[in-house]
Amino acid sequence: MVVGSVLVTGGTGYIGSFTALALLEADYKVVIVDNLYNSSKEVLNRIELICGKKPDFYEADVCDEAALDKIFAEHPDIDSVIHFGALKAVGESGEIPLEYYRVNVGGSISLLQSMTKHNVSNIVFSSSATVYGDATRFPNMIPIPEHCPIGPTNPYGRTKSTVEGIITDHIEAQRNNATKKGEAGGEKWNAALLRYFNPSGAHPSGIMGENPLGVPYNLLPLLAQVAIGKREKLLVFGGDYESKDGTAIRDYIHVLDLAQGHLVALNYLRTNTPGVKAWNLGSGRGSTVFEMIKAFNAVVGRELPYQVSPRRPGDVLDLTANPTLANQELNWKTKLTLEDACADLWKWTENNPEGYNQEPPKEFVEA
Ligand code: NAD
Ligand code: WQD
């Protein structure tokens, strides 16, 4: 039995593919739209190997409203969208900000316009903890609750906070317009703004993970590259932070827990019709860079080389979530630990040193 149909933009990417898998496992029909800018169609085979079902796939750009119109017209059963499709490199966003605004903001507007034409009224949006900027500038805001004032410090973060605002305005307008016209059903317009902390890890099977082909800039994929011999050592950005060991603190959340967060947020929108809600998706546990190196060393079974270097511009001391709202309202909590994330990432890296550019490991194809 199909419980609902969802369009997943950016669904062949890292978090999108895990969410597509979670949706299929929960008996949703999944239609993916992705322009493959940062992903590979091979992930569709991996999803099928794991759960026995394959999402529908359209290669198209989220900025192409006509292409989105065609997809919605072909799938009139779709009532919800999970919107991952975006550019996500913080550093690059400072070099080509207009491109980030075009894709992240422009793409979201095209999507909302097309959704509205086709009466698709629920949207779950990939926001980011980066919208908070440096929360240590406020007293008592670590761990960070959703009511912490936002203040992104880079163009990427500003695209996310801008889209949060656009979605909020649009959903409120749709609801108000329905009321003004005396129409029933305005409450079907709903949005979840999911602020993820630091997604990490891979599928425990070892056949799905973050595609390591580009140059990674996140801590754990870089550590994995050191461990597999693609990189000589890890540069630790800053050893002089005011933390217990001098390195910066982040809230690492396993991608499987994150995918479940999307599923429960979607279910919440479809059953509780709350309007617009922002939820932090994090574990509530902060870990330093040194603690992450130690955890990764433990799964690899040796000491990985690192060197403490100057702070990375734009980095902040502490981004740890207060996830109480999601715990209570969505009945969602992280179940997996950062040790699980390290173990799963290492299995994925060892099994697929070339990511999705290679066949899946033999035992899976033969199983
Ligand atoms: P990703 O790059 O793996 O996935 C993004 C997907 O969007 C890719 O498959 C890419 O090909 C696709 N895409 C890019 N531009 C597109 C376009 N114009 N049209 C259609 N598809 C397009 O990244 P991810 O880590 O899976 O991130 C998913 C979402 O979550 C993004 O919106 C990102 O900003 C957000 N996010 C990521 C993190 C993180 O650390 N990974 C943290 C917070 C928020
Ligand atoms: C984690 C910690 C680094 C690399 C980014 C985005 C954020 C969100 C998640 C999208 C920091 C340290 C890292 C290295 C290091 N993405 N580090 N050496 O910066 O917390 O968050 O990804 O929304 O917006 O900014 O993640 O993995 O880059 O860094 O010491 O080679 O590891 O300084 O303390 P970050 P990260």
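How do the residues of the shell around ligand 1 divide into nonpolar, polar and charged? The split is 12 nonpolar, 10 polar and 4 charged. Keep in mind that this is a predicted model. The protein chain carries 12 helices and 14 strands, and two ligands sit with it, so to speak: ligand 1 has 26 residues around it, while ligand 2 has 19. Here's a quick tour, starting with the chain as a whole and then moving to the ligands, the strands and a few backbone oddities.

**Overall build**

- With 367 residues, a compact globule would be expected to have a radius of gyration near 21 Å, and the protein chain comes out at 20 Å, so the two agree.
- Taken along the principal axes, the C-alpha atoms fill a box of roughly 65 × 55 × 40 Å.

**Around ligand 1**

- Asp34, Asn38, Ser39, Phe84 and Tyr156 come nearest out of the 26 residues around ligand 1.
- Backbone atoms do some of the polar talking here: a backbone N or O atom of tyrosine 14 lies 2.8 Å from an oxygen atom of ligand 1, and a backbone N or O atom of isoleucine 15 also lies 2.8 Å from an oxygen atom of ligand 1.
- For asparagine 35, a polar backbone atom is 3.3 Å from a nitrogen atom of ligand 1.
- On its own, ligand 1 exposes 820 Å², and the protein buries 95% of that.
- Helix H1 (14-25), strand E5 (122-128) and helix H6 (155-180) are the elements that give two or more residues to the shell around ligand 1.
- Strand E5 supplies the largest share of that shell, with 3 residues.

**Around ligand 2**

- Out of the 19 residues around ligand 2, the nearest are Tyr156, Leu219, Leu235, Arg250 and Asp315. Tyr156 also turned up among the nearest residues for ligand 1.
- In the side chain of tyrosine 156, an N or O atom is 2.5 Å from an oxygen atom of ligand 2.
- Arginine 250 gets in on this with its side chain too: an N or O atom there is 2.5 Å from an oxygen atom of ligand 2.
- Phenylalanine 237 uses its backbone instead, with a polar atom 2.8 Å from an oxygen atom of ligand 2.
- Ligand 2 has 680 Å² of accessible area on its own, and the protein covers 90% of it.
- Two elements give two or more residues to the shell around ligand 2, namely helix H7 (219-228) and strand E8 (234-237).
- Strand E8 gives the largest share, 4 residues.
- By class, the shell around ligand 2 comes to 12 nonpolar, 4 polar and 3 charged residues.

**Strand pairing: the β-α-β unit**

- Strand E2 (residues 28-34), helix H2 (residues 42-51) and strand E3 (residues 56-59) make a right-handed β-α-β unit.
- The two strands, E2 and E3, pair in the parallel sense over 4 bridges.
- If you want a landmark in that pairing, valine 33 has tyrosine 58 in E3 as its bridge partner.
- Asp34, one of the residues nearest ligand 1, falls in E2, since that strand is given as residues 28-34.

**Strand pairing: a three-stranded open sheet**

- There is an open sheet of 3 strands, ordered E12-E9-E14, with mixed pairing.
- Strand E12 (287-288) and strand E14 (318-319) stand at the edges with a single partner strand each, so one side of each has no neighbour in the sheet.
- E9 (residues 249-250) and E12 pair in the antiparallel sense over 2 bridges.
- Within that pairing, isoleucine 249 has threonine 288 of E12 as its bridge partner.

**Backbone details worth a look**

- Most residues other than glycine have a negative phi, and most peptide bonds are trans.
- Leucine 36 has a positive phi of about 60° although it is not a glycine, and it lies in the loop between E2 and H2.
- Asparagine 140, also not a glycine, has a positive phi near 60°, and it lies in the loop between E5 and H6.
- A cis peptide bond joins isoleucine 142 and proline 143, with omega about -5°.
- Proline 143 lies in the loop between E5 and H6.

Conventions. Residues numbered from 1 in each chain as written. Chains lettered and ligands numbered in written order. Predicted model: local features only at pLDDT ≥ 70, side-chain atom pairs only at ≥ 80, totals over all residues. Heavy atoms only, no water. Pairing = 2+ DSSP bridges. Right-handed = clockwise from strand over helix to strand, strands pointing away. Near = heavy atom within 4 Å. Polar contact = N/O pair within 3.5 Å; in protein donor to acceptor, adjacent residues only side chain to side chain. Areas by Shrake-Rupley, 256 points an atom, 1.4 Å probe, with all protein chains shown as cover. Nonpolar A, V, L, I, M, F, W, Y, C, P; charged D, E, K, R; others polar. Rg over C-alpha atoms; globule rule 2.2 N^0.38 Å.
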